[in-house]
Amino acid sequence: RSRLQAQKIVASGVSHQGMFLIPGRGKSTFAHSTSFSTFQRLREQISTRSSFSRLPKFQRRLLLFVGVPYGLLSIIPISFTGLALFHKLKGSPSEIVRGYSFFATTGFLSIPLSVVLFASSPFVLLFDWDQRLFFNSIQHVWGSLTCYPFLRPTVVGMEKLPSVGGQPVVYVSNHQSWLDIYVLLWLGVPIKFISKREIFYIPLVGWVMGLIGHISLSRGDRKSGKGVIQKCIENVEKGVSVFFFPEGTRTRTGKLSEFKAGAFKIAHSTAVPIVPISIEGTSALMPMGKSFWLGEDKGQILVTVHDWIVPSKQDSVESLKLDTFEVLNNHNEASLARRSEGV
């Protein structure tokens with residue numbers, strides 16, 4: 001009999017000495033309709049559900065809370081791979097194929113690396129709540145492996161970066177492209193980025209960023225801005241370096257926009273050094289407005305770490321901001337001049 005028929009039979013009767021108690025009209029009668037062994041088979045048929053329900057409880061939970069989300073998230077890099085192949089076969093410009101391939105690569109890498117991050121999180125949060133250096137190693141591996149097939153940044157002044165677990169600093173950099181994040185992760189220094197809150201809502205990406213300890217900022221919200229500054233001050237006092245794009249957003253022209261004061265308030269309040277970093281060439285490879293477009297790297301990505309700007313008692317927030325702007329702007333203008341001359 002079908003499962004539904006079996007359910008109706010068992011629901012309407014009770015086994016009693018190998019019989020069913022079948023309700024009649026006004027009274028109940030016994031009927032030797034089936035043997036006890038048949039009744040057992042019917043019960044087994046009802047209780048036998050999907051193979052999922054027969055799994056141990058731990059395996060069911062693991063599949064439900066890990067397998068299903070990661071299965072759904074894997075659709076994203078698979079889709080990027082499909083788009084890259086489609087545009088390759090279609091004969092689209094190589095920049096488009098390379099752009100989709102880049103995000104397919106970063107997506108596929110994020111899945112196993114995030115599993116390692118989540119699995120290690122109880123131990124990291126227990127023993128290294130403030131700096132979370134192991135998480136930094138994971139994001140460095142993710143950024144480096146994503147970049148490696150597509151671009152190889154040249155770093156000048158690597159020796160000026162503070163050692164891991166050493167002096168906390170406030171990093172400040174210009175911002176030209178989405179690639180800036182990957183290029184900075186290539187450096188491998190332990191830092192906490194300040195990023196717009198919307199990114200933290202992206203599945204997996206947002207969860208990982210929150211776990212690593214990156215700080216969310218709601219643009220245009222003064223209360224959020226004050227909270228971010230206070231959080232950064234607390235981090236720096238605990239020995240954790242923070243990173244700012246003081247322009248607040250990417251530039252379309254290549255020229256530096258006016259700096260916001262947040263990073264310099266933190267440096268002034270905690271008296272920690274500012275480390276200016278110049279990034280060149282990323283806007284040529286992935287311009288603003290073309291996030292799925294990646295040019296060919298011909299050695300044009302250059303990262304320059306400048307001398308530290310150490311606050312003194314005479315410095316104000318404004319003077320620190322102007323000094324940092326001067327360093328980065330002078331380098332940026334020289335870079336634009338060289339590129340315009342084809343050097």
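**Exercises on a predicted model**

Ala271 is found in the loop that runs between helix H10 (262-270) and strand E9 (274-280). The structure examined here is a predicted model.

**Exercise 1.** Determine whether Ala271 is buried or exposed, and state the sign of its phi.

*Solution.* Begin with the backbone: Ala271 is not a glycine, yet its phi is positive, at about 60°. As a general background, most residues other than glycine have a negative phi. Next, consider the surface: the relative accessible area of Ala271 is 51%. The label "exposed" requires a value over 50%. Ala271 is therefore exposed.

**Exercise 2.** Locate Arg132 among the helices, and decide whether Arg132 is buried or exposed.

*Solution.* First, the position: Arg132 belongs to the loop between helix H5 (94-127) and helix H6 (133-147). Second, the backbone: Arg132 has a positive phi of about 55°, although this residue is not a glycine. Third, the surface: Arg132 has a relative accessible area of 10%. A residue counts as buried under 20%, so Arg132 is buried.

**Exercise 3.** Describe the protein chain as a whole: how many helices and strands does it have, and what percentage of its residues count as buried?

*Solution.* Start with the elements: the chain contains 12 helices and 10 strands. Then turn to burial: 42% of the 343 residues count as buried. The exposed area of the chain is about 19000 Å², of which carbon and sulfur atoms supply 60%. Finally, examine the contacts between residues at least 6 apart in sequence: 71% of them join residues at least 24 apart.

Notes: Residues are numbered from 1 along each chain as its sequence is written. This is a predicted model: local features need pLDDT of at least 70, side-chain atom pairs count only at pLDDT 80 or more; totals for chains, interfaces and linings use all residues. Side-chain values use heavy atoms; hydrogens and water are left out. Helices (H or I, at least four residues) and strands (E, at least two) are DSSP runs, numbered from the N terminus. Buried means under 20% relative accessible area, exposed over 50%, partly exposed in between (1.4 Å probe, protein chains only). Contact means heavy atoms within 4.5 Å. Accessible areas come from the Shrake-Rupley method with a 1.4 Å probe; for residues, only the protein chains shown count as cover.
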